[in-house]
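Visitor: I am new to this structure and would like to know how its labels are earned. Please take me through them one at a time.

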Amino acid sequence: MRRVLREGRFGRLRGVQSRFAFRTPEPGGYRLRPDLGSGIFHDVASYWLQALQETVGLPSSGGTGTAWCAEPHGVDHAFEAVLPLPDGATATLACSFAAQHTAEHLFHLDEARVRVRGVLPPAAGAVALNVAIRTTTGHTEITRTEPVSYYPRQLECLAELLSVRAGHRGAEPAATHDRIRIMEHIHRTARREIRAAALDEEHT
């Protein structure tokens, strides 16, 4: 995606839409416990912001959100966020607990839409991603990435983050801090809607 944006052959980026749905958790699980920082937004937002940070960059501040909760002090079962990007584009996030797993980004450019599906594959083995580019003229171009073992890669990133090797500490912790700051700003300032029934059906 960075290469597509750098080449500029489809024009400027106008916006990024991201959709995530994680399986509805069992009652009493950590995803439903406020004392453990639960809720769908805290579960998803780091993946959303890291994808933006790695492709288009993050703003220094900002962002708004709306949370749907089952009770006044309950966790968010669905969440929508809007984040203005540094180049004038806008990123949006729609996430919820639902019956079917979903994880995708849709990049809107002047002359094309680029869709990346399955960015968080819940699989133990190596998985390739399809990057589909559909131009305004109707042409579709699909690029298949090299297979990546998602869970081992997570472990590698954690090991790198905790490493004391010279030259490593500094860049990634700063990038992580930027994501956390924006995530917590959006979560803290979110308008909350209290919905008592069928939250996962409403936002699937």
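Guide: Start with one pairing: isoleucine 133 has glutamate 141, in strand S9, as its bridge partner. The model is predicted, so local features need pLDDT of at least 70 and side-chain atom pairs count only at pLDDT 80 or more, while totals for chains, interfaces and linings use all residues. Residues are numbered from 1 along each chain as its sequence is written, and side-chain values use heavy atoms, with hydrogens and water left out.

Visitor: What makes S8 and S9 a pair of strands?

Guide: Strands pair if DSSP finds at least two bridges between them. Five bridges join S8 (residues 130–135) to S9 (residues 140–144), so the two count as paired. They run antiparallel and form a hairpin with four residues between them. Glycine 138, in the turn, has a positive phi of about 100°.

Visitor: How many helices and strands are there in the protein?

Guide: There are five helices and eleven strands. Both are DSSP runs numbered from the N terminus: helices are H or I with at least four residues, strands are E with at least two.

Visitor: Why is the pair of phenylalanine 41 and phenylalanine 79 called stacked?

Guide: Rings of Phe, Tyr and Trp (its six-membered ring) pair if their centres lie within 6.5 Å; planes under 30 degrees apart count as stacked, over 60 as edge-to-face and the rest as tilted. By this rule the count is two aromatic pairs. For phenylalanine 41 and phenylalanine 79 the centres are 4.1 Å apart and the planes are at 25°, so the pair is stacked. The pair links distant parts of the chain, with phenylalanine 41 in helix H2 (residues 40–55) and phenylalanine 79 in strand S3 (residues 76–84), 38 residues apart.

Visitor: How do you know whether phenylalanine 41 is buried or exposed?

Guide: Buried means under 20% relative accessible area, exposed over 50%, and partly exposed in between (1.4 Å probe, protein chains only). Phenylalanine 41 has 0%, so it is buried. Phenylalanine 79 has 1% and is therefore buried too. Of the 204 residues of the protein, 37% count as buried.

Visitor: Which residues touch the most other members of the largest nonpolar core?

Guide: A nonpolar core is a set of buried Ala, Val, Leu, Ile, Met, Phe, Trp, Tyr and Cys residues joined through side-chain atoms within 4.5 Å. In the largest one, of 42 residues, they are Phe20, Trp48, Leu52, Phe79, Leu83 and Leu85. H2 supplies the largest share of this core, seven residues. In soluble globular proteins, nonpolar side chains tend to be buried together.

Visitor: How do you know that the span of H2 agrees with its number of residues?

Guide: The expected span is 1.5 Å times one less than the number of residues. For the 16 residues of H2 that gives 22 Å, and the end C-alpha atoms are 23 Å apart, so the two agree. After H2 comes glycine 57, with a positive phi near 90°.

Visitor: What makes polar contacts with the side chain of glutamine 53, which is found in helix H2?

Guide: A polar contact is a pair of N or O atoms within 3.5 Å; within protein, one must be able to donate a hydrogen and the other to accept it, and residues adjacent in sequence count only if both atoms are side-chain atoms. The side chain of arginine 179 makes one with the side chain of glutamine 53, at 2.5 Å. The backbone oxygen of alanine 175 lies 3.1 Å from a polar atom of the glutamine 53 side chain.

Visitor: Why is arginine 144 called buried or exposed?

Guide: Its relative accessible area is 57%, so arginine 144 is exposed. Arginine 144 is in strand S9, and its side chain makes a polar contact of 3.1 Å with that of asparagine 130. The C-alpha atoms of arginine 144 and asparagine 130 are 4.7 Å apart, with 14 residues' separation in sequence.

Visitor: And what of threonine 66, in strand S2 (residues 64–69): buried or exposed?

Guide: At 13% relative accessibility, threonine 66 counts as buried. Contact means heavy atoms within 4.5 Å. Leaving aside neighbours within four places in sequence, threonine 66 is in contact with Ala78, Phe79, Glu80, Ala190, Arg191 and Glu193.
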